[in-house]
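Q: Please take a close look at the side chains that pair up or touch, starting from a single histidine. Explain each step plainly, for someone new to reading structures.

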Amino acid sequence: MRRIIFILFLFVQTFAFAQTKQMSLEDAVYGRYSYLYPESMTGLQWMDDEHFSFVEDKSIVAESAKTGEKTTIVTLGELDTLTGVTFKWLPSHSWTKEGKLLVSDANKYWLVDIHKKQVIFQIELPNGAENANFSEEGQFVAFTQEDDLFVAFADGTTKQITSDGGNGIVNGQTVHRNEFGIFGGIFNSPEGIFVAFYRKDESMVKDYPLVDFMAREAEYTPVKYPMAGMASHHVTLGVYNIETGKTTFLKTGEPLDHFLTNVAWSPDEKTIYMAELNREQNHMQLNCYDVATGEKVKTLFEETSETYVEPLYPIQFSKVNANEFYYLSRRDGWFQVYKYNTDGELVKQITKGDWEVTKMLGFDANEKSLFIEATIDDPLQNNIYKVDVKSGKTERLSTETGVHDGTLSPDATYLLDSWSAKEVAGKVDLISANGKDKRTIFESEDPLKDYQLGENKLVTLKTKDGKYDLHGRLILPVDFDPAKKYPVVVYVYGGPHSQLVSKNWHNQARWWQYYMASQGYIAFTLDNRGTSNRGRAFETSIHRNLGVLETEDQMQGIEYLLSLPYVDADRVGVHGWSYGGFMTLNLKLKHPEIFKVAVAGGPVVDWSMYEIMYGERYMDMPQENPEGYKNSNMTNYVENLEGKLMLIHGVQDETVVMQHSMKFLRECVKQNKQVDFFAYPIHPHNVRGKDRIHLMEKVSQYFFENL
């Protein structure tokens, strides 16, 4: 018995010793995305109906979903020989519909027949090429150079599609400042006969002054920044015919400053569908255009709202009926899947409930079953479900609590489920589409297993009116003693399209919060109204009055914190960036009796100085909502400033321009209010790279010295 006790003692001591490593600031900043980031299956993707591929030992390896048998497809050395290029590591690659391997590196593309071990064709783009978009069917790459659009072909030729780029004209690039789900400006047609592209005219938008202070003589580097209520750029959609060399522009009409979003080709390439939104963003039309003439064929349906309509997903055509398509919309208050026909008639609402469909993964061959990711069980989770298209009945395929990301095999027989949970750093499961079989094909080791971390737990509170749940995350200090009093640092964002608290690895905590916990601080974060995955009413409740309900909800979190016997009510701080910087100022200035110290990074101070697409969605125009703009202008609360406040801003910030901080600082000077300020030269909206260590040391030190 003594021997067993002694061995147990040694085991406990060894385990305790192994978990004595403390989170350093370098760990929290660099480590989070490098040496403390969980290992994953690099290049994981479906190769064909039965096999998926991934990178292992400098090779592309295929594994059978049925048998688990692995086969090396091609080695790094073989790719070097095939392409004539010596790669340091396996380049970016993907599988085409025909089972060929597309390899890309820098500005070169190779289509490889992996069975014959030979290159079918190679396309090389010129230096300076950007926004490349490969067409398997057309065997070309559409790309931009400066502000014009080009197409490079497999035969080595290149055609210039536009020649009017420059002086405020931009072709083939993202528009509307990446809002409305827009991530690019080139749309190749299904059969590779056409290239559709955005043409943006921003010549009417005033140049916004940015300055490069690093030059011998500071250089003027202006950008186009359309501010709320002012002139906005004009966008059209061109369609280039590869065979004829002719470009036709869709006749999208007036007003010219409306938004063209969610471009989708019909399977026969005869028509293009777009979700068009008025500048007020409260009226969307799904319109169909004739590709040959550019004429508008019809409006299929419309969506309106007293707040805003935000189309985020292009329509997806049925593969069994070319006259039907699927659309992900919040028309009933939650993102759900609808089936329409091309006459604009609603055929069926496929999914329904007070939860969000976060992604459509695909259908089986007959489109009897739809596979989705959704928040059915819990808004803090993302799970994979199979939906019976006829009945709407759902079956959960991902079984463990966590945040899941699925990839459906081409024949919809299997799913790859990449997921994490609070204590699961990363895992990949292979799931059969019928839900009967599952096997784990990869599991990450926990890179934090040797670290002593503060306890991380979720809390659920209520909005002040009791209508909604609010979800928060509390991290206690290392070596926590409930008999002691601890300072608190609240990390806040709180803006739309965000969710900082979820049930993935470590409840989505930032390592900086663990670092602060190692320094004796409680770290707290709460998702307020306006944030994601909670439905339209929860999100749009902040419309025209940004900062009001968000602050009210954050104060519910403070009320909870102050109810804890181990929280020092006299030492509460707050930090946030961008919308979080705006929220930091809201909390600090509206509740100076609570927040002793605050650090606001890249803060929005006055929404009339923010860009049109985002700003007007949530606030309308300044001339339409003067009271809302006044109430959300942080300079109007400077008189309340007490305690310590620091503002931090990137000098080259094109998202929240430096003007916000300058106006706030000027108001502080006028009212004789002391405030600290630090600027990061050369950095845009976020401070990245090695300078981020400097940033987070400055933020941390400000709390150490003042809280």
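A: What follows starts at one histidine, goes on to the salt bridges, and then turns to a few other sites.

The model is predicted, not experimental. The starting point is histidine 543, in the loop between helix H5 (536-540) and helix H6 (548-562). Its relative accessibility is 9%, and because buried means under 20%, histidine 543 counts as buried. Leaving aside residues up to four places away in sequence, histidine 543 touches Glu306, Thr307, Tyr308, Arg617, Tyr618 and Asp620. With one of these, threonine 307, there is a polar contact: the side chain of histidine 543 reaches the backbone oxygen of threonine 307 at 3.5 Å.

One neighbour of histidine 543, Arg617, leads to the next step. Side chains of opposite charge can pair when their charged atoms come close. Arginine 617 does this with glutamate 310, and the two side chains form a salt bridge of 3.3 Å, N to O. Glutamate 310 is in the loop between S25 and strand S26 (316-317), while arginine 617 is in helix H8 (residues 612-619), so the salt bridge ties together parts 307 residues apart in sequence. Are these two partners buried or exposed? Glutamate 310 is buried, with a relative accessible area of 12%. Arginine 617 is buried as well, at 0% relative accessibility.

This pair can be set beside others, as a search of the whole structure finds 30 salt bridges. One of them joins the side chains of aspartate 553 and arginine 529, at 2.7 Å, N to O. Aspartate 553 belongs to helix H6 and arginine 529 to the loop between strand S41 (522-527) and H5, so this salt bridge ties together parts 24 residues apart in sequence. Both aspartate 553 and arginine 529 are buried. They also belong to a network of salt bridges that links Asp465, Arg529, Glu552 and Asp553. Helices H5 and H6 have already come up, since the loop that holds histidine 543 runs between them.

Another salt bridge is formed by the side chains of aspartate 343 and lysine 298, at 3.6 Å, N to O. This pair links distant parts of the chain, 45 residues apart: aspartate 343 sits in the loop between strand S28 (336-341) and strand S29 (346-349), and lysine 298 in strand S25 (residues 296-304). What is the accessibility of each partner? Aspartate 343 has a relative accessible area of 55%, and because exposed means over 50%, aspartate 343 is exposed. Lysine 298, at 27%, counts as partly exposed.

A second histidine gives another view of polar contacts. Histidine 404 is in strand S34 (residues 403-408). At 1% relative accessibility, histidine 404 counts as buried. Its side chain makes a polar contact of 3.5 Å with the side chain of asparagine 383. A polar contact of 2.8 Å joins the side chain of histidine 404 to that of aspartate 417. Not counting residues up to four places away in sequence, the residues that histidine 404 touches include Glu373, Ile384, Ser398 and Trp419.

Aspartate 49 shows a polar contact with a backbone atom. It lies in the loop between strand S1 (45-46) and strand S2 (51-56). With a relative accessible area of 39%, aspartate 49 is partly exposed. A polar atom of its side chain lies 3.3 Å from the backbone nitrogen of aspartate 411. Beyond four places in sequence, aspartate 49 touches Ser409, Pro410, Asp411 and Tyr414.

The last site is a pair of helices. Two packed helices are described by the angle between their axes and the distance between the axes. For helix H4 (residues 511-518) and helix H11 (residues 691-706), the angle is about 35° and the axes are 12 Å apart. Their crossing is right-handed. Trp512, Tyr515 and Met516 of H4 make the contact with Met696, Val699, Ser700, Phe703 and Phe704 of H11. By class, this contact has 7 nonpolar residues, 1 polar residue and no charged residues.

Notes:
Residues numbered from 1 in each chain as written. Predicted model: local features only at pLDDT ≥ 70, side-chain atom pairs only at ≥ 80, totals over all residues. Heavy atoms only, no water. Helix = DSSP H or I, 4+ residues; strand = E, 2+ residues; numbered from the N terminus. Buried < 20%, exposed > 50% of the residue type's maximum accessible area, 1.4 Å probe, protein only. Polar contact = N/O pair within 3.5 Å; in protein donor to acceptor, adjacent residues only side chain to side chain. Contact = heavy atoms within 4.5 Å. Axes fitted to C-alpha atoms, helices over the stretch in contact; angles between N-to-C directions. Left-handed = near helix turned anticlockwise from the far one by under 90°. Nonpolar A, V, L, I, M, F, W, Y, C, P; charged D, E, K, R; others polar. Salt bridge = Lys/Arg side-chain N within 4 Å of Asp/Glu carboxyl O.
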